[in-house]
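Subject: Structure for your review

Dear colleague,

Please find below the structure I am handing over to you, together with its sequence. My findings follow after it.

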Amino acid sequence: MNLRKKTQTIRILHVVGGMNRGGLETWLMHILRHIDRDRFKIDFLVHTTEPCAYDDEIRALGSKIIPCLDPSKPWLYAHNFQQILKQHGSYDIVHSHVHHFSGYVLRLAEKAGVPLRVAHSHIDSSPLEANAAWYRRLYLNLMKGLIAKYATLGFGCSNVASTDLFGKQWHKDSRWQIFYCGVDMDKFREPVDSPSIRTELGIPENGFVIGHIGRFQKQKNHQFILEIFAEVIKREPRAYLLLVGEGCLRDDIEQQALQMGLKDSILFPGIRSDIPQIMLGVMDAFLFPSLSEGLPMVGIEVQTAGLPLVISDGITEEFQKIKPLVQRISLSQSTQVWADAVLKTRNLEFQPSREECLNMMTNSEFNITSSVMKLTDSYDKNLF
């Protein structure tokens, strides 16, 4: 496609549910901060009118937050989408991050004459959709068909995420490719006042802190985290569990912690903007028994911080760059086995230093610099 000259500004519309703090959204913010904003003009189409954590910074960096409502009512959503493109002018790229619903988004983008249409898969939803009702399966198949027809380019954050959205034979279609999202490693070089953060959170200096960062939703398996922690604290009374994040299941998990008699040892600090400092200054180990993941950005951050991880076999191995830090356990194993692994992190053999971990991750494909370069090269290659 030789549609524009390479010196011209490229207008990009990223489609996302809302710009709150999460792996995908944080990656998009890293991109926005590091990309050449004179050449690549980025706006965000969101499915909410509620204020989100990154909205103010997005606007300060010269980008727009554009609500497009009623995704559950396709006829209204289509009208809203068309009006937005008329009001805000033509876009060269629509880059959609709303998983299966990207099929409908990209169909609308094609009808509006957008030349480059990107479907981006950040998760593997197949375990959660395995027992879906017939009408849900019909919807999923329809959306996958629309993606196959209307996407001119597709990114998957891992093999399983690519398979989930583009099918088992995705390798045979040149449009589909693996794209590893990057992290701003410089944030992990900043000084950390560990005693101050621990005091703020109410954690004693000698407390053994098991951390988890993620939305309170079924996929993250918080109930199992509580069960593992209940076993850990029997053997290590100084243990604390730090559950960072928000989500629809948070109240349920807090209530379960209370019923299990664990309330005084579990902390729910909500959403935090200082994740690198929390990891470096507070956490001693990271517990990650997800039912499924695409390629978790938080796992990249944990390794960058040099923290040992205990993860489930539902998480792709592609993110494991520093293997001595990672213990991988089947979700079919007992809470005792998981607790043993968590406690083992206190005395790991051959654990690299934090400086070594930071340097290894900085030199990997998970650095935001590599991510921006690959993204802009992909845009250029497919537009010109």
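Does Y135 count as buried or exposed, and why? The relative accessibility of Y135 is 54%, and exposed means over 50%, so this residue counts as exposed. Please note that the model is a predicted one, and that the values reported here are computed from it.

Y135 lies in helix 6, which spans residues 134-150. Together with W134 and L138, Y135 makes a nonpolar patch of about 420 Å² on the surface.

The open sheet

Parallel pairing holds together an open sheet of 7 strands, arranged in the order 3-2-1-4-5-6-7. Its edges are formed by strand 3 (65-67) and strand 7 (176-178); each has a single partner strand, so one side of each is left without a neighbour in the sheet. On average, and with direction ignored, neighbouring strands of this sheet are turned by 25° against each other.

Within the order given above, strand 2 is placed next to strand 1. Strand 1 (residues 10-16) and strand 2 (residues 40-46) run parallel and are joined by 7 bridges. One of the facing pairs is formed by H14 and F44, the latter in strand 2.

Strand 9 and its partners

Strand 9 covers residues 239-244, and 6 of its 6 residues are buried. The side chains are divided between two directions: A239, L241 and L243 point one way, whereas Y240, L242 and V244 point the other way, and all are buried.

Strand 9 pairs with strand 8 (residues 208-213) in the parallel sense, over 6 bridges. In this pairing, L241 of strand 9 is the bridge partner of I210. Helix 9 (residues 222-235) completes a β-α-β unit with strand 8 and strand 9, and the unit is right-handed.

From strand 9 the chain continues through helix 10 (residues 250-259) to strand 10, again by way of a right-handed β-α-β crossover. Strand 10 comprises residues 266-270 and pairs with strand 9 in the parallel sense over 3 bridges. Here the bridge partner of L242 is L267, a residue of strand 10.

Strand 9 therefore has parallel pairing with strand 8 and with strand 10.

Kind regards

Conventions. Residues numbered from 1 in each chain as written. Predicted model: local features only at pLDDT ≥ 70, side-chain atom pairs only at ≥ 80, totals over all residues. Heavy atoms only, no water. Buried < 20%, exposed > 50% of the residue type's maximum accessible area, 1.4 Å probe, protein only. Helix = DSSP H or I, 4+ residues; strand = E, 2+ residues; numbered from the N terminus. Pairing = 2+ DSSP bridges. Right-handed = clockwise from strand over helix to strand, strands pointing away. Axes fitted to C-alpha atoms, helices over the stretch in contact; angles between N-to-C directions. Patch = residues over 30% accessible without salt bridge, like charges linked within 9 Å, V, L, I, M, F, W, Y side chains within 5 Å. Areas by Shrake-Rupley, 256 points an atom, 1.4 Å probe, with all protein chains shown as cover. Salt bridge = Lys/Arg side-chain N within 4 Å of Asp/Glu carboxyl O.
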